[in-house]
Structures are given as C-alpha cells and as structure tokens.
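The following exercises concern internal cavities and a chain interface. Each task is followed by a solution in steps.

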There are 2 protein chains.
Amino acid sequence: TPVRLLSSPPLDPPSDKSSFLSLFPSLATSLSNDPTTQDLHPHLSSHISSLLHYTVPGGKMNRGLSVPATYQLLVPPSPTNTTSQQLHLASVLGWTVELLQAFFLVADDIMDESVTRRGQPCWYKKQEIGLGAFNDSIILETCVYSIIRTHFRSEPYYLDLLENMLEVTKFTTYGQSLDTLSAHNFTQVKGQPNSLDSFDMSRYTAIVKYKTSYYSFYLPVVMAMNMAGIKDPELFEGAKTILLEIGHYFQVTDDFLDCFGDPAVTGKVGTDIQDGKCSWIVVKALEKASDEQKNILALHYGSQTEEDVKVVKDLYDQLGLVEIYKTYESEFYTDIMEHIEEVCAGKAVPKEVFTTFLNKVYKRTK
Amino acid sequence: TPVRLLSSPPLDPPSDKSSFLSLFPSLATSLSNDPTTQDLHPHLSSHISSLLHYTVPGGKMNRGLSVPATYQLLVPPSPTNTTSQQLHLASVLGWTVELLQAFFLVADDIMDESVTRRGQPCWYKKQEIGLGAFNDSIILETCVYSIIRTHFRSEPYYLDLLENMLEVTKFTTYGQSLDTLSAHNFTQVKGQPNSLDSFDMSRYTAIVKYKTSYYSFYLPVVMAMNMAGIKDPELFEGAKTILLEIGHYFQVTDDFLDCFGDPAVTGKVGTDIQDGKCSWIVVKALEKASDEQKNILALHYGSQTEEDVKVVKDLYDQLGLVEIYKTYESEFYTDIMEHIEEVCAGKAVPKEVFTTFLNKVYKRTK
Ligand SMILES: [Mg+2]
Ligand SMILES: [Mg+2]
Ligand SMILES: [Mg+2]
Ligand SMILES: [Mg+2]
Ligand SMILES: [Mg+2]
Ligand SMILES: [Mg+2]
C-alpha cells in the first residue's frame with residue numbers, strides 16, 4: 001500500500017552492519033560454485049560453503065565495514081554519481097578484508113592450539129577437519145582473489161587492489177612469524193633472569209605494525225582510496241603513517257585493558273602476564289625498572305601461579321604503569337590529530353576518514 | 001691468457017640445471033632482506049634465509065627449469081634479440097614455480113604428518129619449528145609475489161603472471177582439499193564392503209588435474225608463453241589441454257610404477273595399496289571387476305597386512321592390469337601427438353614445447 005511505502009525506511013546503506021552482512025550469502029554461494037572449476041563442484045562445493053559460513057561472518061566486521069564507510073567519505077553521494085552501485089562494490093571489497101582475516105585466524109588458531117573462536121570451536125577442532133584446516137585457510141585466501149577478479153577485473157584500479165592485498169598478506173605473515181619466534185624464544189628462557197631481554201619497544205612496535213595494523217587499519221582505507229581513484233603518493237604515505245599509528249594505539253590499549261581493564265566491562269579476564277606476552281605494559285615496565293626490579297620481573301613473568309602474577313602486578317603498581325599509560329594516551333591523541341591535520345591539509349581526503357576510526361577506538365574501555 | 005679464453009666453454013644457458021641453481025643464493029638473499037620491511041631484518045632475515053635454503057632447492061627442479069627451457073623454444077636466440085637477459089628473467093620466473101611448490105610441500109608434509117622430504121627431516125619436524133611451519137609455508141608463497149613484483153613490475157605481462165600464479169594456487173589448493181576429503185572418507189569406511197564406492201575415474205581425474213598437473217605442467221609453460229608475448233587465447237587453451245593430459249599420464253605412470261615398478265630401478269617400495277590411495281590402478285580394477293571381485297577388493301584394500309596386500313595384487317593380476325596400462329599408454333601417445341599437431345599447426349608455438357615434456361616422461365621406468 002502507498003502508506004506502507006511512504007513509511008518504510010530508506011534502504012540501509014551498505015556501510016551499515018546488517019546490510020553488509022546481507023551480501024555474504026550470495027558471495028559464499030558464488031565462491032563455493034566457482035565457474036572455473038565446474039568439475040569440482042560435486043566433490044567440493046558443500047565443503048567450501050561450510051568453511052565460508054563457519055569461519056568468515058560472526059566477528060565485529062569492523063575491518064570489512066571500513067571499506068564502504070571510507071569510500072562513502074571519499075566519494076560522497078551526489079546527483080552526478082551512481083553511488084549505490086559503487087557502494088555495493090566497496091562492500092564486496094570489504095568482504096575480501098574479512099576473508100583475509102578469516103584466512104589468518106583459521107591458521108593462527110591451529111598454530112596457537114586455540115580451542116574456541118567467537119564462541120564456537122575453532123574450525124580445525126571440528127572432528128572431520130583436523131590439520132586439513134590449514135589447506136582450508138589457504139582456500140579462504142584464494143577466495144580473496146576470486147572475488148577481486150570477478151568483481152573488479154575491468155576496473156582501472158584492479159592491479160592496485162591485487163598489489164594491496166599481496167603486500168598486506170606478506171606483511172601480516174611476517175608479523176606472525178616475528179610473533180611466533182618471539183614467543184618461542186621466551187619459552188626457552190622462561191623463569192630465568194634474562195627471560196625478558198628481548199622484550200623491547202622496537203620488537204613490540206614491529207610485531208604490532210606487521211601482525212595487526214597493516215591488515216586491520218591500513219588495508220581497508222588504502223583499498224577504498226584506490227577505488228576512489230586517488231593517485232597522490234603523498235596521500236597514501238600520509239594515510240599509512242596515520243593508520244599504523246592508530247593501529248599501534250589500538251594494540252597498546254588492548255594490552256592495557258588485558259591487565260588493568262574491568263572484566264565486568266571487557267567481558268574477559270586477561271592472561272597476558274601468565275602467557276608471557278610481549279605486551280606494551282611489560283615493555284614499558286622494563287623501560288622504567290631498576291636492574292633489581294627487572295630481575296624480579298624476569299623471574300616471575302610468564303607463570304601461571306597466582307603468586308607470580310601478584311609479584312608482577314605489584315611491580316606494575318610500584319612503577320606507576322596506569323599513569324604512564326594515561327600520559328601515552330593523551331600524547332598520542334595530540335600527535336595523531338596534528339598528523340591528521342598535516343596529511344589532509346588541502347588534499348582530497350577529508351579528516352573524517354581518520355577521525356572516524358580514531359573515535360571508534362580512542363579511550364575505549366572494552 | 002688468450003689460449004684459455006679460447007678454450008673455455010661458452011656459459012651454460014640458464015635452462016641448464018647447475019646454472020639455474022646458481023641463481024638461487026642471490027634470490028634468497030634479496031628475499032630475506034626485503035627492502036619494504038627493513039625494520040624486520042634484525043628479527044627475521046636469518047629465519048627466512050634458513051627457510052628458503054632448507055625448503056626450496058634440492059628437488060629435481062624440473063618445473064622451474066621448464067620456464068627458461070620453454071621460453072628458449074618460443075623465442076630462439078637470434079642476432080636481433082637480447083636473449084641472455086630474457087633467459088635470465090625466465091629463470092628467475094622458474095624459481096617462482098619452485099617457491100610455489102615449496103609452499104605446497106611444506107604445508108602438505110605437516111598435514112600428511114610426513115617425516116622426511118628429499119632425504120632430510122621435513123621442515124616442521126625440526127625441533128625449533130613445529131606448527132610455525134604453517135606460517136613459514138605462507139612466507140614461501142609471499143616470496144613468489146615479491147619476486148614477480150621486483151623483476152617483472154614494468155613488463156607488459158606483469159598482470160598476466162600474477163593472474164597465472166593466483167589461479168594455479170587456487171586450483172592446487174582445491175586439489176589438495178579434494179585429495180584430503182577423499183582420503184578422509186576412505187578412512188571412515190576402510191575394510192567395509194562399500195569402502196571403494198567413491199573411487200571412480202571422475203574423482204581420480206579431478207584430483208590429478210587440480211592437485212598436480214596445473215602447477216607442474218601448465219604453469220611453467222603458460223608463464224613462458226606470457227613472457228614471450230603470446231596473446232592468442234586458442235593457443236593458451238590448446239596448451240592447457242595438452243599439458244593437463246601429459247600431467248594425467250605422468251600421474252598414471254606414477255601409480256603404475258608404485259604397484260608394478262621395479263624397486264631396484266624406482267628406488268622405492270610402493271605403498272599405495274596399504275595407504276588406501278585413490279590410485280589409477282585401483283580405479284581401473286574397479287571398472288573391470290565383477291561385483292564379487294569388487295567386494296573382495298573393498299574388504300582388503302587399504303590394509304597394512306601382507307595377506308591383504310597379496311589378495312589385492314592377485315586380483316590386479318587376474319584383471320590384467322599390466323595389459324590395461326600398456327594399452328592406455330600407447331593410446332595416450334597416439335592421442336597426445338595428434339593433439340600437439342592440431343594445436344601447433346600454423347601457430348607461434350613449436351611442437352617441441354610439448355614433445356620435450358613428453359619425451360621426459362613417456363615410458364619412464366622410475
Ligand atoms: Mg592466536
Ligand atoms: Mg598466534
Ligand atoms: Mg590482548
Ligand atoms: Mg604428502
Ligand atoms: Mg597430502
Ligand atoms: Mg605415487
């Protein structure tokens with residue numbers, strides 16, 4: 001009826017979560033029925049379909065949503081451009097970021113011997129899957145390029161998207177390697193006076209940058225910029241600097257909340273101390289500690305016993321780490337706002353591209 | 001001295017094995033010191049260098065060598081072209097095929113729980129590596145694209161190479177998945193009368209095509225064709241058909257030798273019957289067998305006991321599988337020679353591109 005038509009709300013823009021999610025089933029159907037491998041469908045389609053539905057949606061989808069959200073800020077709707085079709089494309093591209101993340105997470109859970117992910121058993125933990133999950137993680141990676149080829153092959157920025165993905169995959173894989181090697185080295189010397197010798201800010205910064213920030217913060221924005229036809233290399237460099245800084249801050253906060261957050265708010269009890277993580281908190285503690293305090297920290301860090309954890313936490317209190325974090329947080333804000341002003345001054349990228357990200361993560365408590 | 005200069009042999013062409021191998025150390029050095037990740041070098045270079053040297057060279061390198069060998073046939077040396085530089089590039093490209101294979105093998109060995117590879121412990125079996133080997137296999141994959149980007153970015157066929165690699169990676173990963181799922185299904189029903197119901201020629205053909213033929217036979221040739229500037233889509237289609245047929249024949253022979261080869265010549269004792277492999281031999285046996293014989297095969301296939309293996313081998317003899325193989329082999333040869341004639345007639349690809357491959361694999365005994 002006309003009345004209903006008038007009162008029905010406008011279609012959600014694809015940067016909206018439920019609308020973004022609604023694109024997934026048809027993408028999954030296309031991927032499980034890849035037209036270049038017709039003879040495999042009877043054998044493989046249902047497996048790939050299960051894999052995709054189990055491992056890809058279900059997260060917060062912030063990374064994927066960032067692509068259409070950024071694109072919308074870069075190319076605002078106007079009577080002269082066919083925005084809705086482009087926004088649809090940007091959302092499809094957003095799903096490639098989610099697929100890339102699923103690829104990393106399925107593999108990471110095997111390597112970390114994790115048990116659950118997003119409230120359900122990890123994919124490799126399912127009885128019929130096992131170590132075949134590793135090949136499944138690579139299937140997820142191939143889906144990234146199937147989508148890019150299907151939807152973007154005739155676009156002038158097709159090669160840019162391929163290069164963005166390949167480069168960020170490399171960086172993330174290197175970051176994983178660094179993280180694994182660092183954890184392995186720590187296990188070898190745990191409980192010994194030299195156990196924390198390798199935990200310095202340079203290692204911490206490198207792990208965060210490569211393992212997390214590139215794919216979570218840089219990739220969605222740089223792909224949206226390529227879709228929007230931005231060419232200025234200075235803008236890309238500036239965006240990279242800002243987004244890696246935000247990624248760094250994001251992880252520092254994660255580490256802070258793991259130790260000092262309120263479990264009633266965060267929804268989880270932190271275990272970074274017990275797990276012997278190269279956390280920002282322990283790195284900063286080591287920077288401030290006397291030789292004697294360093295020694296105590298080294299002897300007790302990475303232990304599951306309550307007593308050891310208490311020794312570490314008491315030392316954190318003595319060293320004033322909450323204050324150190326608060327100072328870092330406010331200095332970070334001043335610096336990042338300045339960088340955003342510099343990068344965006346007189347350029348085709350509005351500040352909101354970065355401040356939107358910033359507002360989502362700044363002073364979060366969970 | 002002039003005498004020495006005169007008598008020294010000309011430089012080996014890069015399609016020669018030792019000359020091909022001599023390119024590897026400098027490629028490995030560049031890959032372990034990737035200029036885009038300078039801040040990671042102190043943490044990661046030595047790990048990546050060990051990974052590359054341990055897992056990449058050391059095989060027969062037939063796949064890698066095929067790229068310069070094919071290129072040389074497509075663009076024969078002449079006074080008007082600067083062949084030596086191009087041949088060098090073709091060899092560099094050959095190493096990307098070897099890296100791709102190393103990526104697959106490192107991961108496959110973990111999933112198959114293999115112990116040795118090329119006469120040394122598998123990479124994941126090394127004490128300091130373990131499941132981190134998964135991530136290392138992905139590092140090998142990223143190296144493929146680092147090399148392509150470094151050496152081919154300004155070439156007109158750069159995008160073609162990227163698409164060749166991405167497509168073949170997808171196919172191989174799908175083939176692995178099909179192989180794993182088939183093996184898993186068989187384990188579930190082993191020793192039961194229906195255990196071989198899923199072993200048919202369509203499944204066999206699909207596994208071989210996707211898991212092996214695309215990356216081993218099709219990829220090296222298609223990349224050399226792209227380097228040579230060939231554009232005719234019919235030629236690419238024709239080459240694909242021929243190379244996948246050769247790949248199929250190659251695997252059939254592998255399966256034949258596993259069962260009927262002379263261990264003194266092949267250097268190994270076959271275990272496909274014991275392992276319950278979906279081998280060409282068992283698929284052909286099932287095609288020829290009566291219901292009663294099928295039943296016997298199903299009850300005894302995939303068992304480690306000598307008695308079960310003997311039952312299976314006796315049945316193979318009764319069914320005349322050696323003869324069936326010989327007939328297949330000669331029919332294959334007639335067919336493939338005909339296809340090669342058809343595809344190459346009046347085209348820019350000489351028959352030798354395919355017959356060279358064929359001669360290397362036809363009627364091999366090991
Ligand atoms: Mg993990
Ligand atoms: Mg991990
Ligand atoms: Mg954390
Ligand atoms: Mg294997
Ligand atoms: Mg295998
Ligand atoms: Mg074999």
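**Exercise 1. Determine how the residues lining the largest cavity divide into nonpolar, polar and charged.**

Solution. The model is a predicted one.

Step 1. The lining of the largest cavity comprises 8 nonpolar, 2 polar and 3 charged residues.

Step 2. The space within this cavity amounts to about 130 Å³. Of its 13 lining residues, those closest to the centre are T55(A), V106(A), D109(A), R117(A) and W123(A).

Step 3. Two or more lining residues come from each of helix 4 (41–55), helix 6 (83–111) and strand 2 (120–121) of chain A. Helix 6 of chain A contributes the most, with 4 residues.

**Exercise 2. Identify the residues that line the second largest cavity, and the elements that give two or more residues to that lining.**

Solution.

Step 1. The volume of the second largest cavity is about 110 Å³.

Step 2. Its lining is formed by Y54(B), T55(B), L105(B), V106(B), D109(B), R117(B), R118(B), Q120(B), P121(B), C122(B) and W123(B).

Step 3. Helix 4 (41–55), helix 6 (83–111) and strand 2 (120–121) of chain B each give two or more residues to this lining. The most come from helix 6 of chain B, with 3 residues.

Step 4. By class, the lining holds 6 nonpolar, 2 polar and 3 charged residues.

Step 5. For the structure as a whole, the count of cavities of 30 Å³ or more is 10.

**Exercise 3. Describe the area buried between chain B and chain A, and state which three residues of chain B supply the most of the area that chain B buries.**

Solution.

Step 1. The size of an interface is often expressed as the accessible area lost when the parts come together. Between chain B and chain A about 4600 Å² is buried, with 65% given by carbon and sulfur atoms.

Step 2. H43(B), E163(B) and Y174(B) account for 15% of the area that chain B buries against chain A, more than any other three residues.

Step 3. In terms of contacts, 50 residues of chain B meet 49 residues of chain A.

**Exercise 4. Establish how many salt bridges and polar contacts cross the interface of chain B and chain A, and which elements of chain B take part in the interface.**

Solution.

Step 1. The interface is crossed by 8 salt bridges. One salt bridge joins E163(A) to R153(B), with the closest N and O atoms 2.5 Å apart.

Step 2. There are 18 residue pairs in polar contact across the interface, both residues being at pLDDT 80 or more.

Step 3. On the side of chain B that touches chain A, two or more residues come from each of helix 4, helix 6, helix 7 (132–152), helix 8 (158–189) and helix 9 (201–227) of chain B. Helix 8 of chain B gives the most, with 16 residues.

Conventions
Residues numbered from 1 in each chain as written. Chains lettered and ligands numbered in written order. Predicted model: local features only at pLDDT ≥ 70, side-chain atom pairs only at ≥ 80, totals over all residues. Heavy atoms only, no water. 1 Å grid on protein atoms, 1.4 Å probe; cavity = no way out; pocket = protein on both sides within 12 Å on 5 of 7 lines; lining within 4 Å. Points joined across faces, edges and corners; volume = space filled by probe spheres on them. Nonpolar A, V, L, I, M, F, W, Y, C, P; charged D, E, K, R; others polar. Contact = heavy atoms within 4.5 Å. Buried area = accessible area lost by both parts, 1.4 Å probe. Salt bridge = Lys/Arg side-chain N within 4 Å of Asp/Glu carboxyl O. Polar contact = N/O pair within 3.5 Å; in protein donor to acceptor, adjacent residues only side chain to side chain.
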